[in-house]
2 protein chains.
Amino acid sequence: MATTTATVAETCAAGKRAARELARASTEAKNRALEATARLLEGRTAEILDANAADLADERAVDLTEALRDRLTLNEDRIGAMAEGARAIAALADPIGEELEHKDLASGLDLRKVRVPLGVVAVVYEARPNVTIDCAALTVKSGNAIVLRGSSYAERSNGALAAIVREALEEAGLSQDAVLLLPATASRDDLTELATQDGVVDLLIPRGGEGLKAALKGVATVPVMYAAAGNCHVYVHSDADLEMARRIAYNAKVQRPGVCNAAETLLVHAAIANRFLPDTLADLHAAGVELLGDERARELAGEVEVGAAGDADWGTEYLDLKMVVGVVDSLDEAVDHINSHGTSHSEAIVTSSEDAAGSFAAGVDAAVVYTNASTRFTDGFEFGMGAEIGNSTQKLHARGPIGLRELTTYKYVVRGNGQVRE
Amino acid sequence: MATTTATVAETCAAGKRAARELARASTEAKNRALEATARLLEGRTAEILDANAADLADERAVDLTEALRDRLTLNEDRIGAMAEGARAIAALADPIGEELEHKDLASGLDLRKVRVPLGVVAVVYEARPNVTIDCAALTVKSGNAIVLRGSSYAERSNGALAAIVREALEEAGLSQDAVLLLPATASRDDLTELATQDGVVDLLIPRGGEGLKAALKGVATVPVMYAAAGNCHVYVHSDADLEMARRIAYNAKVQRPGVCNAAETLLVHAAIANRFLPDTLADLHAAGVELLGDERARELAGEVEVGAAGDADWGTEYLDLKMVVGVVDSLDEAVDHINSHGTSHSEAIVTSSEDAAGSFAAGVDAAVVYTNASTRFTDGFEFGMGAEIGNSTQKLHARGPIGLRELTTYKYVVRGNGQVRE
């Protein structure tokens, strides 16, 4: 790729030029690029697998944990899923040009508020090659250029995948530079350069570890959307269907513990703790979950071993088969606990009362508040947004899954016939 | 006020508690507080004027320029206008609780995307006491608490005005701490403390000088919405109604030169420059505007004195009776110039062609793009938003006037009947 010898600033500037063009591209052209991406992914599966095999065989990848090697690994099914993802995004409505408001102003001006692309979106991501396609497909459809900064572990896989999208863009008559991959040798200096391209990079999205986010917080001068940690809670109210609560607590913790929408804390109303906890904790223990609890939870744990929770445990995102369990005396106490210790990601109540559900939803300050469902549903695909580029726990701009609309801004287009201000 | 002896952190924490309450307040209660504010402003005009007179008589205020003293000065009319403003905001629709989306998900979950308040909004502002009421009224209506950090020049005026809103809140049965005024002795250290209240201050809006914004950029860890400078342009296309263009250029520069939506640059298509410039520049000159220009503009200026524009002039927000004038050979050149030198605030084209208007609106990357109107209309009141707390030139979250909706975020409220993720 041409970008491997360019500086970060030069690459971003090329992205800016491409962004100006892509902002005006037709829905048809953008969809053609996504369909071509899907076709090329399927047609060149062998080539992509070769590149991926080389990444996996690289001595740098030897020390990776099994879980990380799994995330790095591609196979025919996973490449097929990427192609399906690109087609699914092509099938979504184009957000660009959507008229958000139309008003006749007192001055006689005609005002329209119109959805437009952000411009250049930069994504820094972990060693998961499929993210290359997911992110590029979302930015192409939303009329943005993307600058990808992948992990060096996935260097060859990402190169093969980005090359396919660039070829697809050209086939669709669009600028290849709408998708740019920074060289895998990118150092922390290069990351700083990327995070300080004021006026060029319109949004930087760091995915992955907290270390990366902390590093960026110190240096970034471009707008950043932090996908912060998810310290999610399941609260079982006094009137909960206990069998439902047991399934939800289990699913929220066990089904995929390493993701941000998995639950880390189980809160239980004192009135049902003695009936609810023994079986539920036994389930969790049987699934290999290490349990910590407050005094009352430990007393009610029955034969299950529950360690003593320290203060820090209530604020920790374990991302692992580990959970902290507390007993509360009221819904308000649960809400206060969640607002004090949570990260405003996804919070669930299990209750049979509309009132309790309403109080919980109103009182908890989080991107997503569930009644009688697992926290694990916070996801762009599950939310009917097609895909997501990450999950936002901040309040400004976008909250929850970041999909097509969340990659846009708006512009006021105002028409007059000579109006001046008195 | 109780807050004068509290630390910045304590004041913000009090605001957070009040914000939780105000988020659930009824539209009626919030409107009662705004109506009571208006009534108390009118009933206590003499008291407010006394406080303002003391601010103006303070030795600190002696060295202020005439323009700054004017901004600091209150009178019966201005207090009446504040009361009217509070009533106008009461009359606006309540944005809180608005359902932005409602979907039945494939999993059977019922998803609603609901507008909610941000929480605690902090505003740092210049010595304009009316801003106290404007900002407090907008945050009360949008269900947010506000922490105000005014100028020490306006200490007594702001104190009198904030006390009135607090009394009005109490009268309406709402927490007084939804409106908090930091002591006027607040130093730069206090500003840093305010800008680092992570998890407490949900949005910080610095109004006023670039120095303040630069200082905050270095230290702020809470989300900040910068109301950046407005280097606005008027571009006169080759097919413009030249009489209209002359009025628009004049209005955009002269009507109120010290504000961010005033124009700083006039760009003129070469085909009409010889017919347009002499009279227009003579008008501007007669109004006391100091003119700078490129070579062609200077040649066509006729008898008007036009200095040579340096490179920096094209990027300067004069906020004064000063303007730089350039001749371009095409609409594309004008768009490129604006995208290179502008600040994405407000940009205008004068043209009689739909095509040219469309190309300009699509090509210029700014919050507001005008056809055949003055840039001076970028304002919350003019846009039918009732009022504004500032004007955003960033792309994330809010662009252009910051009114009620721009002071909100959203929350996904998801209802299930036991759904777990497979």
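**View 1. Strand β12 of chain B and its neighbours in a predicted model.** Strand β7 (residues 232-236) of chain B pairs with β12(B) in the parallel sense, over four bridges. The model shown here is predicted. One contact to look for is B:Y235, whose bridge partner in β12(B) is B:I349. β12(B) also pairs with β13(B), again in the parallel sense and over four bridges. Here B:A348 stands opposite B:Y370 of β13(B). Between these two strands the chain passes through helix α14 (residues 354-363) of chain B. This β-α-β crossover from β12(B) to β13(B) is right-handed.

**View 2. The two faces of β12(B).** What covers the sides of this strand can be read residue by residue. In a regular strand the side chains alternate between the two faces of the sheet. On one side of β12(B) sit B:S346, B:A348 and B:V350, all buried. On the other side are B:E347 and B:I349, also buried. Five of the five residues of β12 (residues 346-350) of chain B are therefore buried, and the strand is largely enclosed by the rest of the structure.

**View 3. Two loop residues of chain B with positive phi.** B:S344 lies in the loop between α13 (331-341) and β12 of chain B. Its phi is positive, about 60°, although B:S344 is not a glycine. Is B:S344 buried or exposed? A residue needs 20 or more other C-beta atoms within 10 Å to be buried. B:S344 has 24 C-beta neighbours inside 10 Å, so it counts as buried. B:H397 lies in another loop, between β14 (391-392) and β15 (400-401) of chain B. Phi of B:H397 is near 70°, a positive value in a residue other than glycine. B:H397 is buried too, because 20 other C-beta atoms lie within 10 Å.

**View 4. A sheet built from both chains.** This open sheet has 10 strands and mixed pairing. Its order is β10(A)-β9(A)-β11(A)-β8(A)-β7(A)-β12(A)-β13(A)-β16(B)-β2(B)-β1(B). Which strands lie at the edges? They are β10 (307-308) of chain A and β1 (99-104) of chain B, each paired on one side only. Helix α10 (residues 242-254) of chain A packs on the sheet. From chain A, the helix touches β7 (232-236), β8 (263-269), β11, β12 (346-350) and β13 (368-373). From chain B, the helix touches β16 (408-419). The direction of α10(A) makes about 160° with that of β12(A).

**View 5. Strand β8 of chain A.** Seven of the seven residues of β8(A) are buried, so the strand is largely enclosed by the rest of the structure. β7(A) pairs with β8(A) in the parallel sense over five bridges. In this pair A:V236 stands opposite A:V268 of β8(A). β7(A), α10(A) and β8(A) form a right-handed β-α-β unit. β8(A) also pairs with β11(A), in the parallel sense and over five bridges. There, A:L266 has A:V325 of β11(A) as its bridge partner.

**View 6. β9 and β11 of chain A.** Strand β9 (residues 290-293) of chain A runs parallel to strand β11 (residues 322-328) of chain A. Four bridges join them. A:G293 has its bridge partner in β11(A), namely A:V325. A:V325 is also the bridge partner of A:L266.

**View 7. Where chain A meets chain B.** How many residues of each chain take part in the contact? 49 residues of chain A are in contact with 50 residues of chain B. On chain A, α10, α14 (354-363), β13 and β16 (408-419) each supply at least two residues of the side that touches chain B. β16(A) gives the most, with 11 residues. By class, this side of chain A has 23 nonpolar, 15 polar and 11 charged residues. β16(A) also pairs with strand β13 (residues 368-373) of chain B, in the parallel sense over five bridges. Look for A:Y412, which stands opposite B:V368 in β13(B).

**View 8. The two assigned domains of chain A.** The domain assignment gives domain 1 (2-227) and domain 2 (232-377) of chain A. How far apart do the C-alpha centres of domain 1 and domain 2 of chain A lie? They lie 36 Å apart.

Technical notes:
Residues numbered from 1 in each chain as written. Chains lettered and ligands numbered in written order. Predicted model: local features only at pLDDT ≥ 70, side-chain atom pairs only at ≥ 80, totals over all residues. Pairing = 2+ DSSP bridges. Contact = placed C-beta atoms within 7 Å. Axes fitted to C-alpha atoms, helices over the stretch in contact; angles between N-to-C directions. Nonpolar A, V, L, I, M, F, W, Y, C, P; charged D, E, K, R; others polar. Buried ≥ 20, exposed ≤ 12 C-beta atoms within 10 Å, placed from the backbone. Right-handed = clockwise from strand over helix to strand, strands pointing away. Domains from an automatic or database assignment.
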